[in-house]
Amino acid sequence: MTTTTAAMEGRNPLSIFVDSILGTDKNYSMKRNLKYVLNFKMKARSQEELIRLYGNPHVDYIMQLETSVAGMEKINYCEVVISTDQEKEDILNILNELEEEFPGLVSDDVKANAGELVAKYQ
């Protein structure tokens with residue numbers, strides 16, 4: 001969650017830790033200081049696709065990972081953080097935009113879960 005928070009604020013995790021120690025003037029209980037954010041996983045993509053994806057103004061962070069455990073197959077995936085400072089429903093709009101530009105990027109499960117979260121917190 002630290003990485004997600006840092007990404008949506010355009011910061012790095014170290015600055016979050018420093019703020020937690022020294023305090024901050026930012027009042028996160030004020031709506032104007034909040035953003036709606038979604039962190040999701042997707043299948044690994046080519047470097048060119050990731051560069052294009054990062055060009056979207058709502059994509060705050062992308063990390064492509066490769067995990068391996070001895071004796072098991074390697075797993076490649078990407079972690080993506082998107083955000084908006086508008087309305088919760090905009091997260092769904094952003095997912096739909098990304099799906100149009102990058103077919104197969106956003107899984108049905110991610111879209112369904114995001115829809116459930118938006119509906120739950122109306």
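Contact here means that heavy atoms lie within 4.5 Å of each other. Keep that in mind as we walk through this structure, which is a predicted model.

Let's start with helix α4, residues 89-101. At 1.5 Å a residue, its 13 residues should span 18 Å, and the end C-alpha atoms are 19 Å apart, so the expected and modelled spans agree. Now look at which of its residues are tucked away: I91, I94, L95, L98 and E99 are buried in α4. These residues cover an arc of only 135° around the axis, which means that they sit on the same side of α4. The spacing fits a general rule: an α-helix has 3.6 residues a turn, so residues three or four places apart point the same way.

What lies over that buried side? The cover includes two helices, α3 (47-54) and α5 (108-120), along with the strands β1 (36-43), β2 (59-67) and β3 (75-84). For a closer look, pick L98: leaving aside neighbours within four places in sequence, L98 is in contact with L53, N56, V59, I82, L105 and V106.

Next, the strands. β3 pairs with β1 in the antiparallel sense over eight bridges, and eight bridges also join β3 to β2, again running antiparallel. You can find your place with a residue from each pairing: V37 has S83 of β3 as its bridge partner, while T67 stands opposite I75 in β3. β3 is mostly covered, with seven of its 10 residues buried.

Helices and strands come together in the largest nonpolar core, which has 18 residues. Within this core, L38, F40, M42, L53, I82, L95 and L98 touch the most other members. The elements giving two or more residues are β1, α3, β3, α4 and α5, and α4 gives the most, with four residues. As a general matter, nonpolar side chains tend to be buried together in soluble globular proteins.

Finally, go back towards the start of the chain, to A7 in helix α1 (residues 2-8). Is A7 buried or exposed? Its relative accessible area is 8%, and buried means under 20%, so A7 counts as buried. Not counting residues up to four places away in sequence, A7 touches D60, Y61 and V81. Take Y61: this residue is 54 residues from A7 along the chain, yet their C-alpha atoms are separated by 5.7 Å.

How values were computed
Residues are numbered from 1 along each chain as its sequence is written. This is a predicted model: local features need pLDDT of at least 70, side-chain atom pairs count only at pLDDT 80 or more; totals for chains, interfaces and linings use all residues. Side-chain values use heavy atoms; hydrogens and water are left out. Buried means under 20% relative accessible area, exposed over 50%, partly exposed in between (1.4 Å probe, protein chains only). The expected span of a helix is 1.5 Å times one less than its number of residues. The arc is that of the directions from the helix axis to the C-beta atoms. Two strands pair if DSSP finds at least two bridges between them. A nonpolar core is a set of buried Ala, Val, Leu, Ile, Met, Phe, Trp, Tyr and Cys residues joined through side-chain atoms within 4.5 Å.
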